[in-house]
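Biologist: I should like to learn how a model of this kind is read, feature by feature. Could we begin with the backbone and then turn to the ligand?

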Amino acid sequence: MGNLKIKPVKRLEGSIKAPGDKSISHRVVMIGALAEGRTEVEGFLNAEDCLRTVKAFQSMGIKIEGMGSERLRIFGQGLSGLSEPGDILNAGNSGTTMRLLLGILAGQDFSAVITGDASLRQRPMKRVTEPLRKMGAHISGPDQGNLAPLSIRGGNLSAISYNSPVASAQIKSAILLAGLYAEGETSVTEPAKSRDHTERMLKFFGAEVAVNGLTVKVRGRPKLTGKTVSIPGDISSASFFLMGAAIVPGSRVTVRGVGMNPTRSRVLKVLEEIGAEVTISNLREDHFEPMADIEIKGAKLRPINLGGEIIPKIIDEIPVIAIAACVAEGESQIRGAAELRLKETDRLRALATNLTKLGARVKEVEEGLIIQGGRPLMGTEVDSFGDHRMAMAMVVAGLVTKGETTILNTDCINTSFPEFMDTLEEIAVY
Ligand code: S3P
């Protein structure tokens with residue numbers, strides 16, 4: 001298990017490119033595999049999580065070329081072109097792989113078993129297995145099918161209208177993907193809008209998808225056709241540098257080609273609210289997912305109050321937003337974020353533990369954090385708790401601590417952003 005030692009920087013300066021969007025990379029493999037014909041992908045995220053998805057489809061008979069690079073070629077076999085895997089499918093650390101794949105497996109006329117690493121095996125799956133069972137899938141596993149390893153036998157699905165108790169793109173996507181295999185219209189309504197990459201991509205590949213407020217409907221048994229897809233940069237990965245530039249005075253950083261999907265880009269509003277100067281240029285909206293270049297200039301930061309419908313739209317950025325809240329003088333609040341307890345680690349607990357160690361005043365409440373910002377952060381030893389976003393958020397904290405920060409167990413960064421430290425080095429001025 002690797003550790004990282006981070007030295008404070010004078011400033012961040014320069015122009016970098018974000019790695020491919022993780023959510024879109026998973027989806028292009030899945031939907032490309034279910035489409036007829038070839039899908040050519042550019043900008044694929046070549047990181048552990050997405051490679052788990054690639055391997056899962058390869059073991060179900062899908063030919064995928066270009067593994068290990070940003071260019072993939074997926075030879076889709078149509079909705080009924082998957083074959084029974086000869087071994088257990090392993091989603092590793094990737095919740096998206098497991099939950100979305102369960103949706104697809106629910107539509108297959110064969111049996112499969114899916115497992116994951118120690119973290120993923122503790123994360124709740126009932127949120128998807130329950131609606132998939134309602135559609136007709138047979139699923140069993142520990143804790144009444146709430147935990148992996150899960151065994152699933154699909155086929156013969158019926159369409160449902162599902163009211164999701166949680167605003168989660170993974171739940172919504174699993175049901176919509178299963179809905180491809182059900183006669184008629186499957187719909188999902190969520191309490192607040194979550195990222196809509198699945199809806200956009202299904203439409204792009206030829207499915208009939210209708211969005212009405214918080215409800216998404218898909219018509220079953222569509223003909224999906226292979227496409228050429230250019231994946232934008234991941235705004236969640238970019239946020240580590242954007243927020244890093246915001247918290248280090250005198251910084252000026254541009255991240256090029258970042259995805260600007262409105263269900264993901266609210267972190268830019270947060271950056272503005274805390275006082276950073278945000279400039280968006282080169283906006284390209286002609287694609288199925290918009291993208292732009294984003295420039296951030298650091299400034300004196302203000303505290304922030306976050307809660308309600310914005311939370312699912314910044315869910316992956318909250319760890320690094322919490323770092324900015326420690327720097328901004330005054331009280332910041334993050335509320336309604338209980339979902340963070342169910343990520344790769346309990347992110348509320350991990351943030352409270354690490355930030356307190358660094359000298360911040362942080363109170364962990366049931367659904368969030370209350371941070372009294374403005375105290376200097378002191379370099380010390382913190383832990384990633386096996387969570388890539390916690391590791392990268394701590395690296396960002398280390399840019400402004402007094403003295404060196406040691407972060408334990410940082411190999412997990414490879415799940416979403418293997419080039420993270422190299423990219424940081426491109427813009428760090430010591
Ligand atoms: C994701 C959805 C989010 C997010 C995760 C990726 C996706 O999870 O946290 O990193 O690709 O659909 P939830 O939908 O469970 O909130």
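**Backbone and ligand site**

Biologist: In which loop does Asn156 lie?

Modeller: Asn156 belongs to the loop that joins E9 to strand E10 (161-163). Please bear in mind that this is a predicted model.

Biologist: What is the sign of phi at Asn156?

Modeller: The phi of Asn156 is positive, at about 55°, although this residue is not a glycine.

Biologist: Which peptide bond is cis?

Modeller: The bond from Ala148 to Pro149 is cis, and its omega is near 5°. Pro149 itself is in the loop between helix H5 (142-145) and strand E9 (150-153).

Biologist: Let us turn to the ligand. Which residues surround the ligand?

Modeller: The surrounding residues are Ser23, Arg27, Thr96, Ser168, Ala169, Gln170, Arg195, Ile315, Asp316 and Lys343. By class, this shell has 2 nonpolar, 4 polar and 4 charged residues.

Biologist: Which side chains have a polar atom at a short listed distance from a ligand oxygen?

Modeller: A polar contact is a pair of N or O atoms within 3.5 Å. For Ser23, a polar side-chain atom is 2.7 Å from an oxygen atom of the ligand. The corresponding distance for Ser168 is 3.0 Å, and for an N or O atom in the side chain of Thr96 it is 3.4 Å.

Biologist: How much of the accessible area of the ligand does the protein cover?

Modeller: On its own the ligand has 380 Å² of accessible area, of which the protein covers 94%. The ligand sits in the largest pocket. Helix H1 (22-34) and helix H6 (169-179) are the elements that give two or more residues to the shell.

Biologist: Why does the ligand lie between domain 1 and domain 2?

Modeller: Domain 1 (4-20 + 232-429) and domain 2 (22-230) both give residues to the shell around the ligand, so the ligand lies between them.

Note on methods. Residues numbered from 1 in each chain as written. Predicted model: local features only at pLDDT ≥ 70, side-chain atom pairs only at ≥ 80, totals over all residues. Heavy atoms only, no water. Near = heavy atom within 4 Å. Polar contact = N/O pair within 3.5 Å; in protein donor to acceptor, adjacent residues only side chain to side chain. Areas by Shrake-Rupley, 256 points an atom, 1.4 Å probe, with all protein chains shown as cover. 1 Å grid on protein atoms, 1.4 Å probe; cavity = no way out; pocket = protein on both sides within 12 Å on 5 of 7 lines; lining within 4 Å. Sits in = over half its atoms within 2 Å of the grid points. Helix = DSSP H or I, 4+ residues; strand = E, 2+ residues; numbered from the N terminus. Nonpolar A, V, L, I, M, F, W, Y, C, P; charged D, E, K, R; others polar. Domains from an automatic or database assignment.
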